[in-house]
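I opened this model to look up how its chains fit together. My notes follow in the order in which I made them.

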Number of protein chains: 2
Amino acid sequence: MKAHIITIGDELLIGQVVDTNSAWMAQRLDGIGVKTIQITSVQDQASQILETVGMAVSQCDVVLITGGLGPTKDDITKSTLARFFNDELVVHQPTLENIEELFKRRGLEMTELNMRQAMVPASCKVIHNALGTAPGMWFEKNGTIIVSMPGVPFEMKNIMEEYVLPQLSQMINGRFIIHKTILTNGIGESFLSDMISNWEDELPQYMHLAYLPSPGMVRLRLTGTGEHKPSLQLAMNTEIEKLQNIIPQYI
Amino acid sequence: MKAHIITIGDELLIGQVVDTNSAWMAQRLDGIGVKTIQITSVQDQASQILETVGMAVSQCDVVLITGGLGPTKDDITKSTLARFFNDELVVHQPTLENIEELFKRRGLEMTELNMRQAMVPASCKVIHNALGTAPGMWFEKNGTIIVSMPGVPFEMKNIMEEYVLPQLSQMINGRFIIHKTILTNGIGESFLSDMISNWEDELPQYMHLAYLPSPGMVRLRLTGTGEHKPSLQLAMNTEIEKLQNIIPQYI
């Protein structure tokens, strides 16, 4: 499987921002056996986006796009993709609710611009963005998969880990990868690690735990791999229940 | 003036290395009024390099290429550019001497591979690489300038600062930029700065000083801008002579 990564944004072309997304994505693709053959950065400009996506689709099995999904006028990736797929923009109800929820939580008023974030090309499969307002979008054309994601690194990474990489991996080798993230609060990484070390040692070989510390919390990401999705789901849920019994006060 | 930056190297496409060269180059081009419209990373693969360079040349006034100039078999940028320009590789005597000198200084034996670093396409103008064995190469084709540079960031930056940016800037606005670098030894940045502050304050407005500290030494880079190259050269040499009289023991 061959991939082309496209990053979109004027800030990349004036050197204001170093494109770290591409290296991260290329590395993760490499990890599941997808070979990146080209990385291209282009401006927020319809003709350039159309040309680059067109070329990428004709050469590769997977095209991953980041950037240009913000609510302001200079962000034109979504409307340009609609043009590329000969498609129209429609409101995606669950995304609209997600945005409303995010704004309510932050105590902010929603504007017309924010609502527009919930519009997507009709033909795409929407990928939930748990960490922001711009959803991911999954398209297929002539056998090529095209995924558009936000350029904000942590939003992109979350969409990749939770959805894109597992999907691609399953397509390639028939194996499912499932990630489950557990938030812990009020305990440092090393203390946490001590408390759950027995549980961690006894995880089945096809499960793997990662510690993702950030200020005030440690996220635990449990990754499982298997050929049968429902049994994998079940096995992982069982392990998470065990964990909840070990450290109920921190979850 | 429009530019396309091409970075070449398998390490970029597996995500082993983040491409920081492109952002740096784009920023510097922006600084002299050259607009970067695309950044492309491709593998060390002749067909991909040829296709990308061909496309870039047809769209832009300047194509800057980094990477793929090492001595080993996987580095094919030079032979591929020779193919692109229908050219043959010839030995560039000053480069060969530069390499011999570098090896002598390091007390190392030269091999056939190292000597090959001194071969360049016959039609290019060779740009001296003061910090490494792979020279820069300047080509022109159908009115487009194509420059090939090593991927090692400090070698690329030195070639850009000392040669490529001044040349391009002069082409664009008829103004010359001249950089002169003075090595100082045995004195820390802040002490040095104190000792030469009067001299620095009295520099003409069209000259600018930068401190580039590294372990054991501080490089001073004096940059001058003007419309008449010989008078600018002269004025800068005069300032450097003054400096040499102020801190003779450290230069």
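Entry 1, strand pairing across the chains. I looked up β2(A) and found it joined by five bridges to strand β2 (residues 35–42) of chain B, the two running antiparallel. Strands pair here if DSSP finds at least two bridges between them. Helices (H or I, at least four residues) and strands (E, at least two) are DSSP runs, numbered from the N terminus. T40(A) stands opposite T40(B) in β2(B).

Note on the basis. This is a predicted model, in which local features need pLDDT of at least 70 and side-chain atom pairs count only at pLDDT 80 or more, while totals for chains, interfaces and linings use all residues. Residues are numbered from 1 along each chain as its sequence is written, chains are lettered from A and ligands numbered from 1 in the order in which they are written, and side-chain values use heavy atoms, with hydrogens and water left out.

Entry 2, symmetry. I superposed the copies by least squares on the C-alpha atoms of residues with pLDDT of at least 70 in both. A turn of 180° and a shift of 0.2 Å along the axis lay chain A on chain B with an RMSD of 0.2 Å. That is the relation of a two-fold axis. The C-alpha of chain A nearest the axis belongs to T40(A), at 2.2 Å.

Entry 3, the interface. Chain A and chain B each give 26 residues to the contact (heavy atoms within 4.5 Å). Of the interface residues of chain A, 100% are also interface residues in chain B, so the copies meet through the same surface. The two chains bury about 2000 Å² between them, 48% of it on carbon and sulfur atoms; this is the accessible area (1.4 Å probe) lost on being put together, summed over both.

Which elements of chain A each supply at least two residues of the side that touches chain B? They are α1 (10–13), α2 (21–31), β2 (35–42) and α3 (46–59). β2(A) gives the largest share, eight residues.

Entry 4, salt bridges. I applied the rule of a side-chain nitrogen of Lys or Arg within 4 Å of a carboxyl oxygen of Asp or Glu. I found zero across the interface of chain A and chain B, and eight in the structure over all chains. R221(A) forms one with E161(A), the closest N and O atoms being 3.3 Å apart. R221(A) lies in strand β11 (residues 217–226) and E161(A) in helix α7 (residues 153–173), so the pair ties together parts that are 60 residues apart in sequence.

Entry 5, a hairpin in chain B. I counted eight bridges between strand β10 (residues 207–214) and strand β11 (residues 217–226) of chain B, which run antiparallel. H208(B) stands opposite T223(B). Two residues separate β10(B) and β11(B) in this hairpin, and G216(B) in the turn has a positive phi of about 85°.
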